Amino acid sequence: MAKNYQVPTGTQDFLPQQTKIWQEVEQIIREECEKYSYQEIRTPVFEYTEVFKTENDSSDMVTKEMYTFETTSEKGSTSFVLRPEGTKGIVRSFVEHKLYGNTAELPQKLYYIGPMFRHERPQKGRYRQFHQFGIEAIGAKDPLLDVETIALGYSIIKRLGIKDVKILVNSLGDDESRNNYRQALKDYFKPHLNELCEDCNRRYEMNPLRILDCKVDRNNPIFTSAPSIKDYWNETSKEYFAKVIEGLEILQIPYEIDDKLVRGLDYYSNTVYEAVPIDATGQQAAVFAGGQYDGLVDYFGGGPLPGVGFGMGLERVIELAKEQGRFEVTNKSCDVYVITMGDVAAYGLQATQSLREAGLKVEKDYLGRSLKAQFKATERLQSKIIVIIGEEEKEKRTVNVKNVATQTQQTVSIDELVEFVKKELGKE
Ligand code: HAM
């Protein structure tokens with residue numbers, strides 16, 4: 001049987017040149033989170049299945065796309081899932097560590113970066129292992145906190161040089177508004193059930209709002225004339241949403257109200273949003289998306305505390321940033337290359353180590369290459385300084401130092417090597 005020595009479908013290897021871009025993106029994310037006072041939280045990549053398979057969750061993510069596995073011990077078997085998203089795991093951790101206890105510290109503003117897993121049909125921008133940067137602000141309900149989350153996501157998009165992104169925004173209203181709307185949708189869709197797909201029939205029973213998110217039926221004319229949530233907002237929901245919109249106006253964040261936006265996950269209430277490229281057509285186009293959730297903390301036993309946040313698909317933002325010319329591929333480089341000739345390995349090692357300990361980026365040869373090939377390597381790595389060591393230098397405890405820019409070469413004592421090189425590099 002043929003052996004499958006490739007990455008699993010829907011996953012990717014990131015080779016060193018790409019990883020550099022990821023590190024730069026993560027650095028920008030961390031800096032922006034600092035500014036908005038979000039702190040990093042790290043939770044396990046797998047959780048007990050119940051953390052994600054919460055009661056009445058009808059989302060595709062939970063019902064169809066989770067990677068579930070069991071382990072067995074003498075106590076019986078236990079079911080786990082690879083996390084398909086961040087929010088539920090973070091809320092689980094928030095409650096487990098009683099972060100709700102210190103009200104002076106609310107809202108807790110948390111962020112995370114890491115891999116998520118969904119068994120979806122892979123396509124551009126949609127993977128089975130993907131990486132999310134996400135934030136959750138838990139313990140306060142304030143329309144301006146919702147706006148702040150959007151502002152943070154948007155500022156990261158801008159810093160990544162991604163242009164032409166707008167925020168689609170809607171409100172699912174509070175419990176009362178949503179219940180009325182749910183009923184209106186049920187009444188509306190009831191006579192059309194046989195025209196809707198199998199999933200929509202299931203959603204009709206569990207959460208009719210999610211019918212509006214159907215990828216199969218979304219262009220069906222029945223959908224376009226379905227009731228709009230905005231006709232079911234009560235006064236409180238209306239006022240809350242008006243303040244969100246006012247905040248977006250004040251911050252001049254480009255937005256569009258989309259009254260059919262319900263989001264693919266089940267836990268949302270009030271504000272929901274998706275940041276999409278202005279010319280986006282596909283459903284998978286959101287670069288970051290999220291909203292407010294009222295019931296999750298309570299569900300996990302932490303009391304009736306609200307939360308708000310978003311998840312940002314890092315593969316998607318990096319692809320967009322690259323398409324818009326943001327990242328140049330940089331080649332590997334070094335400050336100093338140490339060339340050795342003859343029986344000087346230990347002496348060369350010592351010189352290399354002392355330069356590295358001084359904070360310089362140093363490379364050497366490991367393949368016994370010829371002098372000519374080692375010089376070639378210094379060019380490939382765009383080395384600024386070349387240290388040349390032969391048996392005579394070892395004997396006299398000196399080294400030759402060549403400055404590539406000035407094309408000057410000098411012999412210095414091994415004890416002065418670090419200071420000399422730093423001076424040549426202008427790094428005193
Ligand atoms: P989500 O809309 O499922 O929300 O995912 C958020 C973002 O993750 C998407 O907008 C997209 O950029 C990225 N994403 C999702 N699935 C994939 C995939 N298969 N491949 C590549 N990128 C993907 C959530 O996950 C919520 N936890 C967001 C949230 C946080 N809501 C409140 N707090």
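This text goes through helix contacts, a pocket and two backbone details in a predicted model.

A convenient place to start is helix 5, which spans residues 143–159. Its axis and that of helix 9, residues 235–250, come within 8 Å and cross at roughly 40°. The two helices are therefore oblique to each other. The crossing in which helix 5 passes helix 9 is right-handed. On the helix 5 side, the residues that meet helix 9 are Pro143, Leu144, Asp146, Val147 and Ile150. On the helix 9 side, their partners are Tyr240, Lys243, Val244, Gly247 and Leu248. By class, the residues of this contact are seven nonpolar, one polar and two charged.

Helix 5 also packs against helix 1, which covers residues 16–35. Here the angle is about 145° and the axes are 10 Å apart. Helix 1 passes helix 5 in a right-handed crossing. From helix 1, the contact takes in Ile28, Ile29, Glu31, Glu32, Cys33 and Lys35. These meet Leu152, Ser155, Ile156 and Arg159 of helix 5. The residues of this contact comprise five nonpolar, one polar and four charged.

Helix 1 leads on to another partner, helix 11, made up of residues 314–323. Helix 1 and helix 11 pack at an angle of about 105°, and their axes lie 11 Å apart. Because angles from 65 to 115 degrees count as roughly perpendicular, helix 1 is described as roughly perpendicular to helix 11. The helix 1 residues involved are Ile21, Trp22, Val25 and Ile29, and those of helix 11 are Leu314, Glu315, Ile318 and Lys322. Six of the residues in this contact are nonpolar, none is polar and two are charged. Ile29 of helix 1 takes part in the contact with helix 11 and also in the contact with helix 5.

Next comes a pocket. The second largest pocket of the model has a volume of about 610 Å³. Its lining consists of 25 residues, and Arg178, Arg182, Asp266, Tyr267 and Tyr268 lie nearest its centre. Two or more lining residues come from each of helix 6 (175–189) and helix 10 (296–299). Helix 6 gives the most to this lining, with four residues. Sorted by class, the lining of the second largest pocket has nine nonpolar, six polar and ten charged residues.

Two details of the backbone remain. Most residues other than glycine have a negative phi, and most peptide bonds are trans. Leucine 106 and proline 107, however, are joined by a cis peptide bond, with omega at about -5°. Proline 107 sits in the loop between helix 4 (87–96) and strand 5 (108–117). The other detail is aspartate 164, which is not a glycine but has a positive phi of about 60°. Aspartate 164 belongs to the loop between helix 5 and strand 7 (165–171), which brings the account back to helix 5, the helix that also contacts helix 9 and helix 1.

Definitions and conventions:
Residues numbered from 1 in each chain as written. Predicted model: local features only at pLDDT ≥ 70, side-chain atom pairs only at ≥ 80, totals over all residues. Heavy atoms only, no water. Axes fitted to C-alpha atoms, helices over the stretch in contact; angles between N-to-C directions. Parallel < 35°, antiparallel > 145°, perpendicular 65-115°, else oblique. Left-handed = near helix turned anticlockwise from the far one by under 90°. Contact = heavy atoms within 4.5 Å. Nonpolar A, V, L, I, M, F, W, Y, C, P; charged D, E, K, R; others polar. 1 Å grid on protein atoms, 1.4 Å probe; cavity = no way out; pocket = protein on both sides within 12 Å on 5 of 7 lines; lining within 4 Å. Points joined across faces, edges and corners; volume = space filled by probe spheres on them.
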